[in-house]
Amino acid sequence: LDRTAAASLVTAFIGLALVRFTSGVVAEVLLIYLAQNAILKLRIQLSRRILGTSLRQLEELDSHRLLAALVDDVTSISVALINLPIICINVVVLVSCLIYLGWLSWTVLLAVLYTIACGIVTYQMATNKGLVHFRLAREQWDRLVSHFHGLIEGAKELKLHHRRRTVFFGDLLERTTAQLRRHNIAGMSIYTMAGSWGNLLFFVLVGLLLFALPDLRDFDRQTLTGYVLVLLR
């Protein structure tokens, strides 16, 4: 390339890098703004509903559950809102890749879809067990928030009575904390194993495309190479 073409190429590269940087920052800032705006609106809406609820219903509800909903649940919803655009992009990429794979070979595409279906079914079975532990962990978290309220409101009484303080920490606070830890560890471990199982199925599929299918049928090497490159995407 001459100097003019090389300079134009370098300028275009720098321009694309700046556009990528700027668009990435703008997108992330917009997501943060939308998430924080959603948190604000949800908390205001929940607060208004609490004020609009009758005193009898408020007395029947546990205050620590309302506090957990205002703090933890709203934050979880905001995290889901931030991840929603990423999920949509991944879905579009997945559908596009499947269309391209079908164009290369419908036979291999069926094998890929079968492997994906097996992965989804087995992953869902594992995550269902993990959700059980997370539900139990949420119950323990509600109890723990209640214990924290009792600790703060009854700090003076607990300081004056050694036996009550021992019972509170041993039978209530420490036991609830231990149960919360146990269920969180179990749930997160199951999710981790499910994710590792999905990665293993991915490598099994790539291995079948590279080593097994060429021996079973006379597939075009370029087609199999295209499949492997798309799957590695």
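The chain in this predicted model has a secondary structure of 7 helices and 0 strands. Reading along the sequence therefore gives a plain run of the helix symbol, α-α-α-α-α-α-α, with helices and strands taken as DSSP runs. Of the contacts in the chain with a separation of 6 or more, 75% link residues that sit 24 or more positions apart.

What about burial and surface? The chain has 233 residues, and buried ones make up 22% of them. Its accessible surface adds up to about 17100 Å². Carbon and sulfur atoms hold 68% of that surface.

Next comes the largest pocket, which offers about 840 Å³ of space. How many residues line the largest pocket? The count is 22, and the ones that lie nearest the centre are L94, I116, G198, F202 and L231. Several helices share the job of lining this pocket: helix 3 (63–104), helix 4 (106–153), helix 6 (162–216) and helix 7 (221–232) each put in at least two residues. Which helix gives the largest share of the lining? That is helix 3, with 7 residues. Sorted by class, the lining of the largest pocket is made up of 15 nonpolar, 6 polar and 1 charged residues.

Two single residues show how burial can be read off this model. One is T176, which is found in helix 6, a helix that also supplies at least two residues to the lining of the largest pocket. Is T176 buried or exposed? Its relative accessible area is 7%, and because buried means under 20%, T176 counts as buried. Leaving aside residues up to four places away in sequence, T176 touches Q140, R143, L144 and H147.

The other is I32, which lies in helix 1, a stretch that covers residues 3–52. Why does I32 end up as partly exposed? The relative accessibility of I32 is 49%, and the partly exposed class runs between the buried cut-off of 20% and the exposed cut-off of 50%, so I32 belongs in that middle class. I32 can also be paired with V79: the two are 47 residues apart in sequence, and in space their C-alpha atoms are 9.7 Å apart.

Put side by side, then, T176 is buried at 7%, whereas I32 is partly exposed at 49%.

Key:
Residues are numbered from 1 along each chain as its sequence is written. This is a predicted model: local features need pLDDT of at least 70, side-chain atom pairs count only at pLDDT 80 or more; totals for chains, interfaces and linings use all residues. Side-chain values use heavy atoms; hydrogens and water are left out. On a 1 Å grid over the protein atoms alone, a cavity is a set of points where a 1.4 Å probe fits but cannot get out, and a pocket is an open set with protein on both sides within 12 Å along at least five of seven lines; lining residues have an atom within 4 Å of a point. Grid points are joined across faces, edges and corners, and a volume is the space filled by probe spheres set on the points. Helices (H or I, at least four residues) and strands (E, at least two) are DSSP runs, numbered from the N terminus. Ala, Val, Leu, Ile, Met, Phe, Trp, Tyr, Cys and Pro count as nonpolar, Asp, Glu, Lys and Arg as charged, and the others, Gly among them, as polar. Buried means under 20% relative accessible area, exposed over 50%, partly exposed in between (1.4 Å probe, protein chains only). Contact means heavy atoms within 4.5 Å. Accessible areas come from the Shrake-Rupley method with a 1.4 Å probe; for residues, only the protein chains shown count as cover.
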